[in-house]
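Biologist: I am new to this structure and would like a close look at a single part of it. Could you take me through one strand and its surroundings, and then show how that part sits within the chain as a whole?

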Amino acid sequence: QVACGVGRAEAPVRHGAALPQGLDTSLQQWGVVATGQRQALATRLRGAAEAAMAAVLAAEAELSPQQRGGTRAHTDLLGVDFLLACVDDTLELVALSANSQRCLETCLLAEAMGRAVGEPPGDLPRLLAEALLHRAQRHLVEGKDILLIGAGGVSKSFVWEAARDYGLRVRRLGC
């Protein structure tokens, strides 16, 4: 989902101080009237956001769980802030930051504003609820001792990896 905040060039746009609006609306206000140009820019933005997420995941894959911030580190929800700048009569995307909170708040606000004027609901609330439910489930078992008796063999190896990710201490007794 894309939510835009529009501000003045001489002052940074703050998530909490700007009402969000859609990318298409923002581009029209900037004078990009051709639908094809707006769609092309939206495609570039989506590609750049996905590339940023892929870079974060690749960097994370190289780290141990402790280096990633432990079991309470959260990169399951990630927003990427971009600046749209006009350079030589061309709109350019500049990645500013990746964060997990501010972008979500802005996108949820934009989603709610859209529903208030008859827009169909998007996937963001469902995705957010799923991620938060997953976090809650992890929190319930984090740091617990679990005793498994006769718990599968090689075919269940993914269970041990997930348990380690959840911060569980697993003790196995064979039968």
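Modeller: Val-94 counts as partly exposed, because its relative accessibility is 36%, which lies between the 20% under which a residue is buried and the 50% over which one is exposed. This is a predicted model, and in it Val-94 has its place in strand S2. Together with Leu-83 and Leu-96, Val-94 forms a nonpolar patch on the surface, and the three residues share about 260 Å² of accessible area.

Strand S2 has a partner: strand S1, residues 79–87, pairs with S2 in the antiparallel sense, and nine bridges join the two. One of the pairings to look for is that of Val-80, whose bridge partner in S2 is Ala-98. The two strands form a hairpin with two residues between them, and in this hairpin Asp-88 takes a positive phi near 50 degrees.

In a regular strand the side chains alternate between the two faces of the sheet. With that in mind, it is worth following S2 to two other residues, Glu-92 and Leu-91, whose links reach other parts of the chain. The side chain of Glu-92 meets that of Arg-44 in a salt bridge, with 3.9 Å from N to O. This pair links distant parts of the chain, since Glu-92 belongs to strand S2 (residues 90–99) and Arg-44 to helix H2, 48 residues apart. Glu-92 counts as partly exposed because its relative accessibility is 32%, and Arg-44 is also partly exposed, because its relative accessible area is 39%.

Leu-91, for its part, belongs to the largest nonpolar core, which has seven residues in all, the others being Cys-4, Leu-23, Leu-27, Val-32, Leu-41 and Leu-45. Helix H1 (23–29) and helix H2 (35–61) each supply at least two residues of this core. Leu-27 is a good place to see how these parts come together: leaving aside its neighbours within four places in sequence, Leu-27 is in contact with Val-32, Arg-38, Leu-41, Leu-84 and Leu-91.

Among those contacts, Arg-38 deserves a further look, as Arg-38 forms a salt bridge with Asp-24 in which the closest N and O atoms are 2.5 Å apart. Here too the pair links distant parts of the chain, with Arg-38 in helix H2 and Asp-24 in helix H1, 14 residues apart. The two partners differ in their exposure: Arg-38 counts as buried because its relative accessibility is 9%, whereas Asp-24 is partly exposed because its relative accessible area is 39%. By the rule used here, the count of salt bridges comes to two.

Just before helix H1, the segment that leads into it holds Gly-22, which counts as partly exposed because its relative accessibility is 32%. The C-alpha atoms of Gly-22 and Val-2 are separated by 6.7 Å, although the two residues are 20 apart along the chain.

To place all this in the whole, the chain contains five helices and four strands, and along the sequence they follow the pattern α-α-β-β-α-α-β-α-β. Of the 175 residues in the chain, 18% are buried. Among contacts between residues at least 6 apart in sequence, 47% join residues at least 24 apart. The chain exposes about 12100 Å², of which carbon and sulfur atoms supply 57%.

Definitions and conventions
Residues numbered from 1 in each chain as written. Predicted model: local features only at pLDDT ≥ 70, side-chain atom pairs only at ≥ 80, totals over all residues. Heavy atoms only, no water. Core = buried A, V, L, I, M, F, W, Y, C linked by side-chain atoms within 4.5 Å. Buried < 20%, exposed > 50% of the residue type's maximum accessible area, 1.4 Å probe, protein only. Contact = heavy atoms within 4.5 Å. Salt bridge = Lys/Arg side-chain N within 4 Å of Asp/Glu carboxyl O. Patch = residues over 30% accessible without salt bridge, like charges linked within 9 Å, V, L, I, M, F, W, Y side chains within 5 Å. Areas by Shrake-Rupley, 256 points an atom, 1.4 Å probe, with all protein chains shown as cover. Pairing = 2+ DSSP bridges.
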